[in-house]
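Hi,

Here's the structure I said I'd pass along. Have a look at it first, and my notes follow underneath.

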Amino acid sequence: MSAITVPAAAAPGGCSVQYKVVSEWQGGFQGDIAITSLGGSLTGWTLEFDFPSAAQGVSNGWNADWSQSGAHVTAKSLSWNGNIPSNGSVAIGFIGKWSGSNPVPGAFTVNGVTCTGASPSASPSASPSASPSPSPSPKSSPSPSPSPSPSPSPSPQPGGPAPQLHVSGNTLVTSAGKPYRLLGVNRSSGEFACIQGRGMWDGPADQASVDAMKPWNIHVVRVPLNEECWLGTADVPSGGTSGAAYQQAVKDYVKLLVTNGITPIVEMHWNYGQYTGAGAGCSDVAATCQKPMPDAKYAPTFWTQVANAFKGDNAVIFDLFNEPYPDAANNWSDATAAWTCLRDGGTCTGIGYQVAGMQDLVDAVRATGATNVIMTAGLTWTNDLSQWLKYKPQDPTGNLMASWHSYNFNGCVDTTCWNNTIGAVAAQVPVVAGEIGQNTCAHDYIDKVMNWADANGVGYLAWTWNAWGICDSSGNVLITDANGTPTSTFGEGFKAHLVAQNPYA
């Protein structure tokens, strides 16, 4: 995208401003502004401009103290970016709103000096959509490929570490009592790389990789884990990160996210237990694929250790199990038995290993003294919450929320189902769609999910933030490279929607 920069003619030093519309969607847009000091340095700066339309406005912004009165917008420097050297620049940005049209501001001033304007590039057009074909089958896992090294990314958004969280009624809130909606992405690889003998992460897990998330307005990252890699069992092959090394890698990444103001969700994704029934992804007893339920052999120990690792830091959320499907294991013959299996574990029809139920895992976490918020799932690969309230585990802290997954090939895929089932749960406890996606690589389905979730106070995280090059029918890939370049059109659509959201709204 191009933009025209016009230097100011007035005042010692002078200034120039570059204004760009990075992306635009119905009713909202992301604006980036670069301020350059010409011929002299600035110590503290105030940018001012007027929107041409009364319907335009700044919803929130970063790298400046933003305010608006009527059409007049003011952005003041922060303590760390107030000094601009001669011919140096500072970058700031905002999420804006518009209606009818989104014209460019006609004039800008910096410290009262007129900077004679700049024209933004044209906004991107809406991405085409495809019609989904719902079916009850579970999602497929994409085949990962090597990722390129990241490049420097834009300046981080403001704010301190991720907030400490707890449940209040049907709302997730910060320690200050502010509502907080979980909005972000999944970062796959902690579940598969280690058990495949491929180290720890697929792609970078460093500061640059986190910086790449910030222009997307990502506030939450769900981190799928492998039970046996964490515990360091003999099933982990040579070349796979295991035991203490695996645990330290997870702790380091979680700490990195928290430090950057991003809420981490740690989640048990692949686990021990031999299963060959409906929906089986493998026949191995080892944790090499998605199983229908947690196992009694290792899962309680896993959660005891994870809870001990993160207790005392309630910025970290625990998602007890990715996608239960004991109802598929019993061929959908007995819903009561499936829901009972989900909660209580034990011997479950169609599952050849002893099962740990959600109550077992809640008890394991709380026995450590950890009070972190816990997510627990429903049935049918976490798409069915119809009896979640009846069969929810007991949590003495009250910090329990419901996990829901929504893909276009699931069974509950329209607003009628969402209103009747997900909405009923959300009226009593916080709900987050821990995974959303579609197998068409368009974004029409997730748009419907997100619009409904926005209207009902439900959070959502897209699958998946991995640089696997393209989006195809085997997986929902958001980015093409480690710099955060969105895929076409799935990633583009999700980013456009996410940048307009406020987790505190």
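How close do the axes of helix 6 and helix 7 come, and at what angle do they cross? Keep in mind while you look that this is a predicted model. The axes of helix 6 (residues 335-344) and helix 7 (residues 358-367) approach to within 4 Å, with a crossing angle of roughly 15 degrees. Angles under 35 degrees count as roughly parallel, so helix 6 is roughly parallel to helix 7. On the helix 6 side, the contact is made by L342, R343 and D344, and on the helix 7 side by M358, Q359 and D360. By type, the residues of this contact split into two nonpolar, one polar and three charged.

M358 turns up again around T376. That threonine sits in strand 20 (residues 374-377). Is T376 buried or exposed? Its relative accessible area is 1%, and buried means under 20%, so T376 is buried. Setting aside neighbours within four places in sequence, T376 is in contact with L320, M358, V362, W388, P393, L400, M401, A402 and S403.

Now for the sheet. There's an open one of four strands, in the order 2-3-10-6, and the pairing is antiparallel. Strand 2 (15-25) and strand 6 (57-62) are the edges, each pairing on one side only. From one strand to the next, the twist averages 25 degrees. If you want to look at one pairing in detail, try strand 6 with strand 10 (residues 89-97): the two run antiparallel and are joined by five bridges. There you'll find G61 standing opposite F94 of strand 10.

A word on confidence. The average pLDDT for the chain is 87, and 88% of the residues score at least 70. Among the elements of the chain, strand 19 (residues 317-319) has the highest mean pLDDT, at 99, while strand 1 (residues 4-5) has the lowest, at 32. Where does pLDDT stay under 50? One such stretch is residues 1-12, for which the model has 36 contacts beyond four places in sequence. Another is residues 117-158, where the pLDDT is below 50 and the model shows 111 contacts beyond near neighbours in sequence.

Shout if you'd like to go through any of this together.

Cheers

Key. Residues numbered from 1 in each chain as written. Predicted model: local features only at pLDDT ≥ 70, side-chain atom pairs only at ≥ 80, totals over all residues. Heavy atoms only, no water. Axes fitted to C-alpha atoms, helices over the stretch in contact; angles between N-to-C directions. Parallel < 35°, antiparallel > 145°, perpendicular 65-115°, else oblique. Contact = heavy atoms within 4.5 Å. Nonpolar A, V, L, I, M, F, W, Y, C, P; charged D, E, K, R; others polar. Buried < 20%, exposed > 50% of the residue type's maximum accessible area, 1.4 Å probe, protein only. pLDDT = per-residue confidence, 0-100. Pairing = 2+ DSSP bridges.
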